[in-house]
Amino acid sequence: MASPDDLTFQEFEEAADLLSSNPGASTLSISSPGAAAFSEDVKVDLSDDEDHQQESSELLGGEKQTGGFWTFEYYQSFFNVDAMQVLDRIKGSVMPLPGRNFVKHHIRNNPDLYGPFWICVTLVFSVAISGDLYTFLINKGNPEFHYRPQFNKVSIAAVTVFLYAWLVPLGVWGFLTWRQSVERHISGYTFLETVCVYGYSLFIYIPASILWTIPVYWLEWLLIAIAMVISGSVLVMTFWPAVRDDTRLTAFATMAVIVSLHALLAVGFKLYFFKTPTNTGSSHSGQQTTPAANHTTLAVGKHQ
Amino acid sequence: MAEVEESSKPLFAGLSDISISEDIPVEGDISVPVGSQNPDDDFSTLDEPVKDTILRDLRAVGQKFVHVLYPKKSSALLKDWDLWGPLLLCVTLALMLQGGSADSGEDGRPQFAEVFVIIWFGSVIITLNSKLLGGTISFFQSLCVLGYCILPLTVAMIVCRIVLLGALSSVSFVVRLIVVTASFCWSTFASTAFLADSQPANRKALVVYPVFLFYFVISWMILTFLPSP
C-alpha cells in the first residue's frame with residue numbers, strides 16, 4: 001500500500017481492520033497518485049464493505065458492535081431496545097400477518113437478547129407453575145392424592161426450553177449459512193436474528209400454558225393447535241423467503257423440520273407437564289371431563 | 001548549597017548567569033507523618049471488643065430492614081450496601097421451606113440448594129439485566145436491594161408456617177394466599193422504589209418485569225409449601 005503520510009491515521013486503521021476481518025470483501029482499488037485519490041479509495045472500500053456485511057451472514061451482525069467480546073459494551077449492544085419496541089415485537093409474534101417477515105419488519109437490524117431470554121425464563125416458570133396447578137385441579141377429587149409441589153419440574157422445563165431456544169436456532173442458522181455458501185443467491189439471517197425469531201415466537205406459549213390449567217380435554221388440544229399454528233406461522237414466514245430460492249426438496253424439508261420441532265415442543269409440554277392421570281385405582285377411564293366436574297363439586301362440598 | 005554550586009559549575013556553565021534570589025523560601029518538611037498523626041488511627045477497629053464489632057454490623061442490617069419495611073426514596077440502602085442481610089434472609093427462607101421432618105425421596109419440594117440458587121442466581125441475572133440495559137446502579141448495590149426486599153416474603157413464610165400449625169382447610173389457604181400476595185406486592189414495590197430510578201424512563205418496564213417475576217416465583221414457592229404429614 002502507498003505510504004499513509006497524507007492520511008489520517010484513523011481511516012487507514014479502519015480500512016485495514018475491515019479488510020482483515022473480511023478478507024473476501026470486494027474492494028475497489030483506484031490506482032492513482034495523490035492523497036485525495038487514496039482517501040477516495042478508502043471511502044469506497046468502507047461503503048462497499050458495509051453493504052456486503054449486511055447481506056452476509058457473519059456470526060454476529062456484521063461486527064458493528066463496539067469492542068471485543070470480552071468487553072461489557074459488546075453485550076450492551078444487544079440490549080439496545082426500549083419497552084415499546086419489545087412490546088411491538090411481541091405483538092408482531094402473536095399476530096403474524098401474511099407477507100410480513102418478522103425479521104425484516106420488526107427486528108430491522110436491531111436484534112436484541114432481552115426478549116428471547118426473558119420470554120424463555122417466563123415460559124419455564126409459567127409451564128412449571130401451570131403444570132403444578134393443573135395436577136392439583138385434576139386430582140382434586142382423588143382421595144388418595146396428596147398435593148406435593150413438583151418443584152423439580154422447573155429444572156426439566158428450564159433445560160428443555162433453553163436447549164430449544166438456543167440449539168435449534170444454531171442448527172437452523174448453520175444450515176442456512178451452509179446453503180448460502182453453496183448457492184450464493186440465498187439470503188441468510190445472522191445468528192442473533194434467528195435466536196430473536198425463535199425467542200419471540202415462543203411467547204404465544206405463555207398465555208397458552210396458563211390457559212392449559214383448565215382441565216377440559218378438548219380445550220387443551222384446541223389451544224395447542226392454535227398456539228402451534230400461530231408461532232409456527234411466524235417461523236415459516238420468516239424462513240420461507242430464505243429457503244425459497246433453494247431446490248424444492250431442500251426448501252420443503254427445512255420447513256418441515258422447523259415446524260415439526262416446534263410441534264414437538266408444544267406436545268411435549270402438554271404430555272409431560274399437564275399429565276392427565278390414567279387409571280389410578282379408581283374408575284378413571286379415558287373421558288376426563290365429566291368425572292372431573294363431578295369430583296370438583298364433591299370436593300367443594302367437602303371442604304366447606 | 002555552596003558545594004552544589006561548585007560541583008555543578010563545569011556541567012551547567014550556562015547557568016552561572018542565573019542568580020537565585022534569596023528571598024524565595026526554598027525550604028520545607030518532606031517527612032511523611034506516621035504514627036499518631038495518621039487520622040485513620042482514630043477509627044481503628046482493631047482494639048474494640050468483639051461485641052461492638054458484631055453489634056455495629058447488626059445495627060446496620062437492622063436499619064436496612066426498617067428501610068425496606070417503610071420504603072421511601074432514601075439512599076441508605078444504596079450507599080452502604082452489605083450482603084449480610086440478604087444472606088440471613090435467604091438462609092432463613094430456604095431452611096423454612098424444608099419442612100423440618102425427614103423428607104421422603106419423591107417429595108417435589110424445593111431443595112435447599114434450589115432455593116439458594118434461585119435467589120442468588122436470580123438476583124445476579126436481574127442485576128446483569130439492569131446493567132446491560134444501561135442502569136447506573138452498581139452490581140453489589142443492586143444485589144443488596146434485591147436481597148433485602150425478600151424480607152416481607154420471609155415474614156409471610158413465618159406467618160404461613162404458623163397458620164399451617166393448625167388445620168389444613170380452605171380458610172387457611174385463603175389466609176395464606178392473602179398474606180403471600182400482600183407481601184409479594186410489598187417486596188416488588190419496595191425494590192422498584194430503589195431500582196427504577198437508575199434507569200431511563202423508556203426502559204423502566206424492562207427492568208421492573210424481571211423483578212416482578214423473581215418475587216412471583218419466590219411467592220409461589222412459599223404459597224405451595226405444605227408440611228409433610
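Helices here are DSSP runs of H or I at least four residues long, strands are runs of E at least two residues long, and both are numbered from the N terminus. Read in this way, chain A of this predicted model has twelve helices and zero strands, so that, following the definition, its elements from the N terminus on run α-α-α-α-α-α-α-α-α-α-α-α. Of the 304 residues of chain A, 43% count as buried. Among the contacts in chain A with a separation of 6 or more, 75% are accounted for by residues 24 or more positions apart.

One residue of chain A illustrates such a contact pattern. A:Phe274 lies in the loop between α11 (248–273) and α12 (289–303) of chain A, and because its relative accessibility is 0%, A:Phe274 counts as buried, the cut-off for that class being under 20%. In sequence A:Phe274 and A:Asp132 are 142 residues apart, yet their C-alpha atoms are 8.1 Å apart in space. When the neighbours within four places in sequence are left aside, A:Phe274 is in contact with A:Val127, A:Ser130, A:Gly131 and A:Tyr134, with A:Ser209, A:Trp212 and A:Thr213, and with A:Phe269.

We turn next to the nonpolar core. In soluble globular proteins, nonpolar side chains tend to be buried together. The largest nonpolar core of this model has 108 residues, and those with the most contacts inside it are A:Leu202, A:Phe239, B:Tyr215 and B:Ile218. Helix α6 of chain A, residues 114–138, gives the most to this core, with twelve residues. As for B:Ile218, its contacts, apart from neighbours within four places in sequence, are with B:Leu93, B:Ile119, B:Ile150 and B:Leu153.

The packing of helices can now be followed pair by pair. Two packed helices are described by the angle between their axes and the distance between the axes. Helix α6 of chain A packs with helix α5 of chain B, residues 112–132, at an angle of about 155°, and their axes are 12 Å apart. Because angles over 145 degrees count as roughly antiparallel, α6(A) is roughly antiparallel to α5(B). The crossing of α6(A) past α5(B) is left-handed. On the side of α6(A) the contact is made by A:Tyr114, A:Phe117 and A:Trp118, and on the side of α5(B) by B:Ile125, B:Ile126 and B:Asn129. By class, this contact has five nonpolar residues, one polar residue and no charged residues.

Two further pairs lie within chain B. The axes of helix α7 (residues 151–164) and helix α9 (residues 204–223) of chain B come within 10 Å and cross at roughly 10°, and α7(B) and α9(B) are therefore roughly parallel to each other. From α7(B), residues B:Leu153, B:Met157 and B:Cys160 meet B:Tyr215, B:Ile218, B:Ser219 and B:Ile222 of α9(B). Six nonpolar residues, one polar residue and no charged residues make up this contact. Both B:Tyr215 and B:Ile218 were named above among the residues with the most contacts inside the largest nonpolar core.

In the other pair, the axes of helix α6 (residues 139–148) and helix α8 (residues 170–195) of chain B come within 9 Å and cross at roughly 160°, which means that α6(B) is roughly antiparallel to α8(B). Here α6(B) passes α8(B) in a right-handed crossing. B:Ser142, B:Val145 and B:Leu146 in α6(B) meet B:Ser191, B:Phe194 and B:Leu195 in α8(B), and by class the residues of this contact divide into four nonpolar, two polar and no charged.

Methods: Residues are numbered from 1 along each chain as its sequence is written. Chains are lettered from A and ligands numbered from 1 in the order in which they are written. This is a predicted model: local features need pLDDT of at least 70, side-chain atom pairs count only at pLDDT 80 or more; totals for chains, interfaces and linings use all residues. Side-chain values use heavy atoms; hydrogens and water are left out. A nonpolar core is a set of buried Ala, Val, Leu, Ile, Met, Phe, Trp, Tyr and Cys residues joined through side-chain atoms within 4.5 Å. Buried means under 20% relative accessible area, exposed over 50%, partly exposed in between (1.4 Å probe, protein chains only). Contact means heavy atoms within 4.5 Å. Axes are lines fitted to C-alpha atoms, for helices over the stretch in contact, and angles run from 0 to 180 degrees between N-to-C directions. Angles under 35 degrees count as roughly parallel, over 145 as roughly antiparallel, 65 to 115 as roughly perpendicular and the rest as oblique. A crossing is left-handed if the near helix is turned anticlockwise from the far one by less than a right angle, and right-handed if clockwise. Ala, Val, Leu, Ile, Met, Phe, Trp, Tyr, Cys and Pro count as nonpolar, Asp, Glu, Lys and Arg as charged, and the others, Gly among them, as polar.
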